[in-house]
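Colleague: I should like to learn how to read the features of a model such as this one. May we go through them one at a time?

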Amino acid sequence: MKTNLTPIISALTRQRGVRGSLLVDETDGVIIDATLHVGMKGPAFAALAASLYRKARLSADAAGLGGVTFLRLRATEGHVCAAGKNEMVLVIVADARANIGLIRMEMLKALERLVI
Amino acid sequence: MISVAEPWVEAPLKRFVDDSRVTFALLIYPSGQVLGQSGFSRAVDVMSAAALAAGIYATVRELGRTLDGRGFRDVFHAGAKRRLYLAEAATPRGTCLFLTVFDEQSSLGLVQLYFEELRTSLAQMKVQVPDAAPMLDENFEVELNRNLAMLFGRAPGRRSITPTS
């Protein structure tokens, strides 16, 4: 189902190597909007990614480092990137050939548009 | 701490609680009789939660039939600090209800994710049921009290159910 957030979310998947982008409620770990490649388990991934981001945010806070601006998880076959604001987390799944610097910039710009 | 009235629910219930980090978990028959629980320390709390969960389930099932033509499968309620999730699960002993309460240590998404695994595990259990007496009869209260006593270690197990998987 398309929402008014869909164009912003789906624009991120046009970046090279991006397999999916999701906007997730950080507290509930459920998808607000998403554009995913076929075969991705969206709800499961959203729940786990939101939990990961939340724990990272709490860890940074406990360490006195302030808020998490950007989280990147590097796996053998790709990356998971997350950025959050106002209890929402924008999550990207990208394969190993993706340009993470570019994706990071696009994610932060998208986040500003999503949470105004 | 997990306690069960029927041993075949112990492993899947423990896995769910360990993975999802919920505060309370309760597996019951729709009649309100208890199969297993985690997090409760008093029998009276289990009894109250089971009765209320059975009531909620009966209500939302009828509400679902009225609005949607079929009963709702699960219910989520967000409180100020704790959240409640109630859903049904098919088991070899028939449809059961699963009630869980969680706080900020978990999330609805995680609970739903691990509940699907629990639901699959319960559905695939192969259980021998030598005593197939109906649960809802004139002995309901006796059965309920016996199950609660078993859960809290005050009575020996009534049913000899052997997990085969």
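Modeller: Let us begin with strand pairing: two strands pair if DSSP finds at least two bridges between them. Please keep in mind that this is a predicted model.

Colleague: Which residue of strand 3 of chain B is the bridge partner of B:Leu27?

Modeller: The bridge partner of B:Leu27 is B:Gly36, in strand 3 of chain B. Strand 2 of chain B and strand 3 (residues 34–38) of chain B are joined by four bridges and pair in the antiparallel sense. The two strands form a hairpin, with five residues between them. In the turn, B:Gly32 has a positive phi of about 110°.

Colleague: With which other strand does strand 2 of chain B pair, and over how many bridges?

Modeller: Strand 2 of chain B also pairs with strand 6 (residues 94–102) of chain B, in the antiparallel sense and over five bridges. There, B:Leu26 has B:Leu99 of strand 6 of chain B as its bridge partner.

Colleague: How many of the five residues of strand 2 of chain B are buried?

Modeller: Four of the five residues are buried, and strand 2 (24–28) of chain B is thus mostly covered.

Colleague: Why does B:Glu6 count as buried?

Modeller: The cut-off is 20 or more other C-beta atoms within 10 Å. B:Glu6 counts as buried because it has 22 C-beta neighbours inside 10 Å. B:Glu6 is found in the loop between strand 1 (2–4) and helix 1 (10–20) of chain B.

Colleague: Let us turn to the two chains. How many residues does each chain bring to the contact?

Modeller: Chain A brings ten residues and chain B six. On the side of chain B that touches chain A, three residues are nonpolar, three are polar and none is charged.

Colleague: How should one describe a pair of packed helices?

Modeller: Two packed helices are described by the angle between their axes and the distance between the axes. Here, the axes of helix 2 (residues 42–62) of chain A and helix 3 (residues 108–124) of chain B come within 8 Å and cross at roughly 135°. Helix 2 of chain A is therefore oblique to helix 3 of chain B. The crossing of these two helices is left-handed.

Colleague: Which residues make the contact between these helices?

Modeller: Helix 2 of chain A contributes residues including A:Pro43, A:Ala47 and A:Ser51, while among those of helix 3 of chain B are B:Gly109 and B:Leu113. By class, this helix contact has seven nonpolar, three polar and no charged residues.

Terms used: Residues are numbered from 1 along each chain as its sequence is written. Chains are lettered from A and ligands numbered from 1 in the order in which they are written. This is a predicted model: local features need pLDDT of at least 70, side-chain atom pairs count only at pLDDT 80 or more; totals for chains, interfaces and linings use all residues. A residue is buried if 20 or more other C-beta atoms lie within 10 Å of its own, exposed if 12 or fewer, and partly exposed in between; C-beta atoms are placed from the backbone. Two residues are in contact if their C-beta atoms, placed from the backbone, lie within 7 Å. Ala, Val, Leu, Ile, Met, Phe, Trp, Tyr, Cys and Pro count as nonpolar, Asp, Glu, Lys and Arg as charged, and the others, Gly among them, as polar. Axes are lines fitted to C-alpha atoms, for helices over the stretch in contact, and angles run from 0 to 180 degrees between N-to-C directions. Angles under 35 degrees count as roughly parallel, over 145 as roughly antiparallel, 65 to 115 as roughly perpendicular and the rest as oblique. A crossing is left-handed if the near helix is turned anticlockwise from the far one by less than a right angle, and right-handed if clockwise.
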